[in-house]
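Please open the model in your viewer and keep the sequence panel beside it, since the tour moves from one selection to the next. Each stop names what to select and then describes what is there.

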Amino acid sequence: MTLSKEILRIEDLVVRFYTYEGVVEAIDGINLSLRERETLGLVGETGCGKSVTSLSAMILVPSPGKIEKGKVILRKGGKTVDLIKEKEAAMRNIRGDDMSMIFQDPRSALNPVYSVEDQIGEVFLHHRMKELSEKVLQNLEVDIKKAKGFRKSVLKFQRARYQKMAENPKALSLRLWSRIPIVNRYKGKLKNEVKKEVVRVLKAMKIPDPDRVAEMYPHELSGGMAQRVVIAMALGCNPEILIADEPTTNLDVTVQAQILELIRELKGEYESSVLYITHDLGVVAEVCDRVAVMYAGNVCELADVAAVFKNPLHPYTQALLASIPRPGKEFTSIEGEVPALINPPAGCRFNPRCGKATELCTREKPKLLEVEKDHFVMCHLYTGNS
């Protein structure tokens, strides 16, 4: 696998959580890539490491977690950047501009004391200040030509501030001026532009009456509406990469279908690449181009969705598909339990639950190998050593 068509690549990623009970080996050297304009599904049981992988991609692993090893390579402006080596200030610009995340629970992603306009507007103010300032300047030029006397002087003062803002939004002089209340009123024009952008993006989310919704607070929104607001925040700056962490988990079936359709439409409109995290194989079949199957901190199979469903190669993938209830077919549950990652099994981590395991599986971890074209499997059955 090369970076020629890849926009994001995770290499040999190792993530551990240092707890009082012991060291949790959450991610055990995974390799994963996201291609241009594709939807890559990341699927597996609860606790397999899906969400930790997504947080690692954004360099947002919470304490006491730590990225111990590996690379997270982002293609940015024709160059490649290892995000793990980037400083936090640089990452704050990358998050939102280049990549964004839709979180699983919109209620926890939204601040209850700020309106929808305030929260989406903050994204615009952080990432699109130059663009918004230039829009204000265009309107000011028109107003200055029409104005006379004192008003014309006030507008010229405002123009000078916005010119400075367009050049350097973080300039010291702007911060000093903002401390003077009567002078700080010039920002009213910027707030008007922000409001227009917030309403525009809410309308793109197919939210009815976006002007009214912009003034609402999170507790006034339904679950589906709150999730659309979170998606609006994520897509506000047209990021190239969108990470969706089980965005329909807490929604009813009808709203789930609407959100999935919305994400599919927005992906085409914004030409984004999507990393879609889920435990639902039905969702994977519906929205994804490729799928990575995770088990206990490892990617055990990676291939096109059709290939995985028609010809699953890893015993865990086969067991997952067999456990889906289907008319006319016997339901088979996966024996055993997901291992505790404080003390995971040696060798292949699936070996205690695998009916095809050999002695080699209990002592040596297999490598992720390309068994068929673009079909990668991590299993000794395909290494020739079993």
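Where is the place of E269? In this predicted model, select helix α11, residues 253–270, and you will find E269 within that helix. With a relative accessible area of 55%, E269 is exposed, because exposed here means over 50%. Add I334 to the selection and draw a distance between the two C-alpha atoms: E269 and I334 are 65 residues apart in sequence, and 40 Å separates them in space.

**The sheet**

Next, select the strands β2, β1, β4 and β5, which in that order make up an open sheet of 4 strands with antiparallel pairing. The edges of the sheet are β2, residues 22–35, and β5, residues 79–82, each of which pairs on one side only. Neighbouring strands in this sheet are turned against each other by 10 degrees on average, with direction ignored.

Now show β1, residues 6–19, together with β2, and follow the 11 bridges over which these two strands pair in the antiparallel sense. Along this pairing, Y18 stands opposite V23 in β2. If you then bring in helix α1, residues 50–57, you will see that the helix packs on the sheet, where it touches β1, β2 and β4, and that its direction makes about 115 degrees with that of β1.

For the other end of the strand order, select β4 and β5, which run antiparallel and are joined by 4 bridges. I73 has D82 in β5 as its bridge partner. The two strands form a hairpin with 2 residues between them, and in the turn G77 has a positive phi of about 60 degrees.

**Backbone details worth a closer look**

Most residues other than glycine have a negative phi, and most peptide bonds are trans. With that in mind, select S63 and P64, which are joined by a cis peptide bond with an omega of about 10 degrees; P64 lies in the loop between α1 and β4.

Then go to the loop between β2 and β3, the latter covering residues 39–43, and pick out R37. Although R37 is not a glycine, its phi is positive, at about 60 degrees. Is R37 buried or exposed? R37 counts as exposed, because its relative accessibility is 53%.

A further residue to select is D374, in the loop between β11 (368–372) and β12 (375–378). D374 is also a residue other than glycine with a positive phi, here near 60 degrees. Its relative accessible area is 28%, so D374 is partly exposed.

**The largest pocket**

Rolling a probe the size of a water molecule over the atoms shows where empty space is left. For the last stop, select R95, F103, V123, H127 and M233, which lie nearest the centre of the largest pocket among the 23 residues that line it. The volume of this pocket is about 770 Å³.

Which elements give two or more residues to the lining of the largest pocket? They are α2 (88–97), β6 (99–102), α3 (106–109), α4 (116–127) and α10 (223–235). Colour α4 separately, since the largest share of the lining, 6 residues, comes from this helix. If you colour the lining by residue class instead, 12 of the residues are nonpolar, 7 are polar and 4 are charged.

How values were computed. Residues are numbered from 1 along each chain as its sequence is written. This is a predicted model: local features need pLDDT of at least 70, side-chain atom pairs count only at pLDDT 80 or more; totals for chains, interfaces and linings use all residues. Side-chain values use heavy atoms; hydrogens and water are left out. Two strands pair if DSSP finds at least two bridges between them. Axes are lines fitted to C-alpha atoms, for helices over the stretch in contact, and angles run from 0 to 180 degrees between N-to-C directions. Contact means heavy atoms within 4.5 Å. On a 1 Å grid over the protein atoms alone, a cavity is a set of points where a 1.4 Å probe fits but cannot get out, and a pocket is an open set with protein on both sides within 12 Å along at least five of seven lines; lining residues have an atom within 4 Å of a point. Grid points are joined across faces, edges and corners, and a volume is the space filled by probe spheres set on the points. Ala, Val, Leu, Ile, Met, Phe, Trp, Tyr, Cys and Pro count as nonpolar, Asp, Glu, Lys and Arg as charged, and the others, Gly among them, as polar. Buried means under 20% relative accessible area, exposed over 50%, partly exposed in between (1.4 Å probe, protein chains only).
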